[in-house]
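This briefing sets out the fold, the helix packing and several individual residues of the structure below. The points are grouped by topic.

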Amino acid sequence: MGDAPDWLKPQGDRWTVRGCQRVHDNPWFAAEDYDAVAPTGHPARYHVLRYKNVAVGVLPLHDDGTVTLVGQWRFPHGSYSWELPEGGAPHAEDPLEGAKRELREEAGLEARDWRLVLRMQLSNASSDEVALGYLATGFAEVEREPDATEQLAIARVPFREALAAAVRGDVQDSITVAMLLRLHHMAHEGELSEALTQAVLG
């Protein structure tokens, strides 16, 4: 891991796999049942969801410090969710192209400048799904192209208002919360232009 500090380096033994059976498969993920041995030496059965897409999220940051969010009903939780434009990019696709597609389809925006600012593992105790977060700036409006199952609302809100909603728990989508916190960190650490830093921090 290069110059990583000692506490970031792996410790202990790996899991050992003795056998695996695929028990479910669909266009989005497969479920696998493992006969495994834990790092402690204890036998274990493990079920893992193997995702067929990389999750991509886009934080559209406008010059005035506002961000574009989309709202929709999410089926698994049966609740309404305000979140960043996001979706899935098949593993064979450049994830940046997937992020551009999601921004265009969901928010009706095309961005001039793109920057990968976050990598995350989502639910890493039960799935191999990973997420990439992009900061997008410099926009032109285009026609939206939502999926047939998507009924999306759009809100353009001040960054600090969106961040406060995430901290309160009113915004709970993991990619959105992480990306808002990441942008706040970038502004404090001097990773944005002076103009964007002022717009973000107010």
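Helices (H or I, at least four residues) and strands (E, at least two) are DSSP runs, numbered from the N terminus. In those terms, Ser123 belongs to the loop between strand E8 (109-121) and E9. The model is a predicted one. Its chain contains four helices and 10 strands.

**Overall architecture**

- In order from the N terminus, the elements follow the pattern β-β-β-β-β-β-β-α-β-β-β-α-α-α.
- Taken along the principal axes, the box filled by the C-alpha atoms of the chain is roughly 55 × 45 × 35 Å.
- Of the 202 residues in the chain, 41% are buried.
- Among contacts in the chain with a separation of 6 or more, 56% involve residues 24 or more positions apart.
- The exposed area of the chain is about 12100 Å², and carbon and sulfur atoms contribute 51% of that area.

**Packing of helix H2 with helix H3**

- Helix H2 (residues 159-168) packs with H3 at an angle of about 130 degrees, and their axes are 10 Å apart.
- H2 is therefore oblique to H3, since an angle of this kind falls outside the ranges for roughly parallel (under 35 degrees), roughly perpendicular (65 to 115) and roughly antiparallel (over 145).
- The H2 and H3 crossing is left-handed.
- On the H2 side, the contact involves Phe159, Ala162, Leu163 and Ala166; on the H3 side, it involves Val177, Leu180, Leu181, Leu183 and His184.
- By class, eight residues of this H2 and H3 contact are nonpolar, one is polar and none is charged.

**Packing of helix H3 with helix H4**

- Helix H3 (residues 174-188) and helix H4 (residues 194-201) have axes that come within 9 Å and cross at roughly 125 degrees.
- H3 and H4 are therefore also described as oblique to each other.
- The handedness of the H3 and H4 crossing is left-handed.
- H3 contributes Leu183, His184, Ala187 and His188 to the contact, where they meet Thr197, Val200 and Leu201 of H4.
- The H3 contact with H4 comprises four nonpolar and three polar residues, with no charged residue.

**Leu196 in helix H4**

- Leu196 is part of helix H4 and has a relative accessible area of 13%, so it is classed as buried.
- Beyond its neighbours within four places in sequence, Leu196 contacts Leu61, His62, Asp63 and Thr137.
- Leu196 and Arg50 are 146 residues apart along the chain, and 38 Å separates their C-alpha atoms.

**Ala136 and Gly138 in strand E9**

- Ala136 lies in strand E9 (residues 130-141), and its relative accessibility of 0% places Ala136 in the buried class, for which the cut-off is under 20%.
- When residues up to four places away in sequence are not counted, Ala136 touches Val58, Leu59, Pro60, Leu61, Leu103, Ala111, Asp113 and Trp114.
- From C-alpha to C-alpha, Ala136 and Tyr80 are 25 Å apart in space, with their positions 56 residues apart in sequence counted as the separation.
- Gly138 is likewise located in strand E9, and Gly138 is buried at 14% relative accessibility.
- Leaving aside neighbours within four places in sequence, the contacts of Gly138 are Glu110, Ala111 and Arg112.
- The C-alpha atoms of Gly138 and Ala111 are 5.2 Å from each other, while the two residues are 27 residues apart along the chain.

**Asn53 in strand E4**

- Asn53 is placed in strand E4 (residues 53-60).
- With a relative accessibility of 18%, Asn53 counts as buried.
- Apart from neighbours within four places in sequence, Asn53 is in contact with Trp28, Gly88, Ala89, Pro90 and His91.

**Ser123 in the loop between E8 and E9**

- Most residues other than glycine have a negative phi.
- Ser123, although not a glycine, has a positive phi of about 50 degrees.
- The relative accessibility of Ser123 is 52%, so Ser123 counts as exposed.

Terms used. Residues numbered from 1 in each chain as written. Predicted model: local features only at pLDDT ≥ 70, side-chain atom pairs only at ≥ 80, totals over all residues. Heavy atoms only, no water. Axes fitted to C-alpha atoms, helices over the stretch in contact; angles between N-to-C directions. Left-handed = near helix turned anticlockwise from the far one by under 90°. Contact = heavy atoms within 4.5 Å. Nonpolar A, V, L, I, M, F, W, Y, C, P; charged D, E, K, R; others polar. Buried < 20%, exposed > 50% of the residue type's maximum accessible area, 1.4 Å probe, protein only. Areas by Shrake-Rupley, 256 points an atom, 1.4 Å probe, with all protein chains shown as cover.
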